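Student: I would like to learn how to read backbone and fold features from a model. Could we go through them one at a time?

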Amino acid sequence: MTQPLQLGILGLGEGRSILSACVQSNLADAALLCDLNEDLCKQRCQEFGLQHYTTSYEDMLSRPEIEAVAIYTPDPLHAQHVRMAAEAGKHVICTKPLFKGLSEAASVRQAVEAAGVQVLVGQSCRFFDTFSRQAEEREAVGQLLSVEAHYNGDKRRGTSGSWGKAGAVNWLYTGLSHPVDLVFWHLGPIRRVHAVGTLSPAGEGLGQSDPDMLHVILEAENGAVGRVTGCYGSPHSHPDAEPMIGCTLRGSSGTSSASYPDFNYYRHTDQEGNVAFNDWHRHAYYFRWGGASHHAGEFQNYLEDFTRSLRNGAQARPHLDDGIQVIATLEAIGQALDSKAPVLVQDVLNDFNL
Ligand SMILES: NC(=O)c1ccc[n+]([C@@H]2O[C@H](COP(=O)([O-])OP(=O)(O)OC[C@H]3O[C@@H](n4cnc5c(N)ncnc54)[C@H](O)[C@@H]3O)[C@@H](O)[C@H]2O)c1
C-alpha cells in the first residue's frame, strides 16, 4: 500500500479544495494547516474534522514530519513560498499561476535543484476528466495542427477569493494561465505570441489597470498554431452556447473538443465519424460545494498523481520547468499587449536568465 503523503497546506481559501482532497483520498493526510487568519484555521479544522494548525509558515516548514507543502496563497506570493519550501527540503504543490512574472523564477529553480525536491504546478484543468481524456487520446486526431482554448468567466465582482477583490488581480496570470497551459500541454513550447486586450468598465471599477478581455494567437516551436481567449469583464455566456472552459484540437485526420464543467467531450475523425462522451456521473466527485467555481476532484487527481510519482521515484507533471514555460508565455503576452507587436518567448526567457 502507498504510504500517505504528509502534507502541509498553506492558504485556506482555495486551499479548502486540497483539504477536501486529502480527507477523501487515502494517498495523503492533511497533517498541518496554515493561514495568517487564525479564525479561518479553526473554521477549516472544524469543517474537515482536523486538529493541527499554525499561523506561521516558518513553523510549518520547520516540522520534520511534513514531507510536502501545498501552496494556495495569493499569486504574488507563490515564488517566495515555493523557494522557502524548497530551502526547507519540502516537496511542493503550487496552485496556478505558478508565479506572477519571472523575476524570482531563476532563484526558485536554483533552490529547487539544490534541494532535489519535486514541484507540481496545480494546473487544475489538466486533471478534469474531459481534458485528461482528450490528451490521452490526442493521437486520434492525427498530426496536431491547431489548438484553441478559452477560459471565460463573469468576474465583474473580482475573484471568489478575497485578495482578488482588492484590485491586485491580473487576469493575464490568474485567468489566462488555464488556456495557455492547455495549449502548451498539447503543442509544447511556444515560439511567438500576438495579443490584443482591453479593460472592461467593471475591471476599471475594481481598480485594475491591466486588460481583462484578452485574445491571443500563439505560434508553437513545432510549427502548429494556437489561440486562447480570456474574457472576465462581462456576463457568462448561455451555458448551451459556450462552456466556461473549452479546448479544441484540430489534426490532420480529426478534431476533438473537450469542455468544463459540463463533461462534454466530442470527437470527429475520418475513421470513426462522430463520437460523443459525457461522464456526468462524475459530477459529485469533482464539484463538492459552490457549483463549478470549486472543483476539488481535480485537486484530488493531481494530489494522487503527485504522491504516486514521489513514491515511485517518477516525475510528476506539470513540473517546475513546464510552469516556467507557461509563465514565460504569459509574460510574452503581457509584453505583446503593451508593445502591440509580436514577442518571442525565448527573448523573455533570456531576459530572466532562464
Ligand atoms: N483552478 C485553480 O486551481 C484555482 C482556483 C481558485 C484559486 N486558485 C489560486 O489559489 C490562490 C489563492 O486564491 P484564493 O481565492 O484562495 O485567495 P484568498 O485571498 O481567499 O486566500 C488566500 C489565503 O492565503 C492566506 N495567506 C496569505 N499570505 C500568507 C502567509 N504568508 N502565510 C499564511 N497564510 C497566508 C490569506 O490569509 C488567505 O486566507 C491564488 O493563487 C489563486 O489563483 C486556483
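Tutor: Most residues other than glycine have a negative phi, and most peptide bonds are trans. Gly89, just after helix H4, takes a positive phi of about 80°. Helices (H or I, at least four residues) and strands (E, at least two) are DSSP runs, numbered from the N terminus. This is a predicted model, in which local features need pLDDT of at least 70, side-chain atom pairs count only at pLDDT 80 or more, and totals for chains, interfaces and linings use all residues. Residues are numbered from 1 along each chain as its sequence is written.

Student: Which residue in the loop between H12 and E15 has a positive phi although it is not a glycine?

Tutor: Lys340, with a phi of about 55°. Lys340 is exposed, with 9 other C-beta atoms within 10 Å. The cut-offs are these: a residue is buried if 20 or more other C-beta atoms lie within 10 Å of its own, exposed if 12 or fewer, and partly exposed in between, with C-beta atoms placed from the backbone. Asn353 also has a positive phi of about 55° without being a glycine, and its place is in the segment after helix H13 (345–351). Asn353 has 10 C-beta neighbours inside 10 Å, so it counts as exposed.

Student: Where are the cis peptide bonds?

Tutor: One runs from Lys96 to Pro97, with omega near -15°; Pro97 lies in the loop between E5 and H5. Another joins Tyr260 and Pro261, with omega about 5°, and Pro261 lies in the loop between E12 and E13.

Student: Back to the helix before Gly89. How many residues of H4 are buried?

Tutor: Seven of the ten residues of H4 (residues 78–87) are buried, so this helix is largely enclosed by the rest of the structure. They are His78, Ala79, His81, Val82, Met84, Ala85 and Ala86. To see what covers a helix, use contacts: two residues are in contact if their C-beta atoms, placed from the backbone, lie within 7 Å. The cover of the buried residues of H4 includes strand E1 (5–10), helix H3 (57–62), E4, E5, helix H5 (105–115) and E6.

Student: What is the strand order of the six-stranded sheet?

Tutor: Pairing comes first: two strands pair if DSSP finds at least two bridges between them. The open sheet of six strands has parallel pairing and the order E3-E2-E1-E4-E5-E6. Strand E3 (53–54) and strand E6 (119–122) are at the edges with a single partner strand each, so one side of each has no neighbour in the sheet. Inside the order, E4 (residues 68–71) and E5 (residues 91–95) pair in the parallel sense over four bridges, and the bridge partner of Ala70 in E5 is Ile93.

Student: Which helix lies across E2 and E3?

Tutor: Helix H2 (residues 38–48), running at about 155° to E2. Axes are lines fitted to C-alpha atoms, for helices over the stretch in contact, and angles run from 0 to 180 degrees between N-to-C directions.

Student: What is the pairing in the sheet of nine strands?

Tutor: Mixed; this open sheet has the order E14-E13-E12-E11-E7-E10-E9-E8-E15. E14 and strand E15 (343–344) are the edge strands, each pairing on one side only. E13 (residues 264–269) and E14 are antiparallel over six bridges, and a hairpin joins them through three residues. Thr269 has Gly273 as its bridge partner in E14, while Gly254 stands opposite Thr269 in E13. Five bridges join E12 to E13, again antiparallel.

Student: Is E14 (residues 273–278) hardly covered or largely enclosed?

Tutor: Hardly covered: of its six residues, the count of buried ones is zero.

Student: Which helices lie across strands of this sheet?

Tutor: Among them, H6 lies across E11, E12 and E13, at about 160° to E12. Asp129, Thr130, Phe131 and Gln134 are the buried residues of H6. Helix H12 (residues 320–339) lies across E8, E9 and E15, at about 50° to E8.
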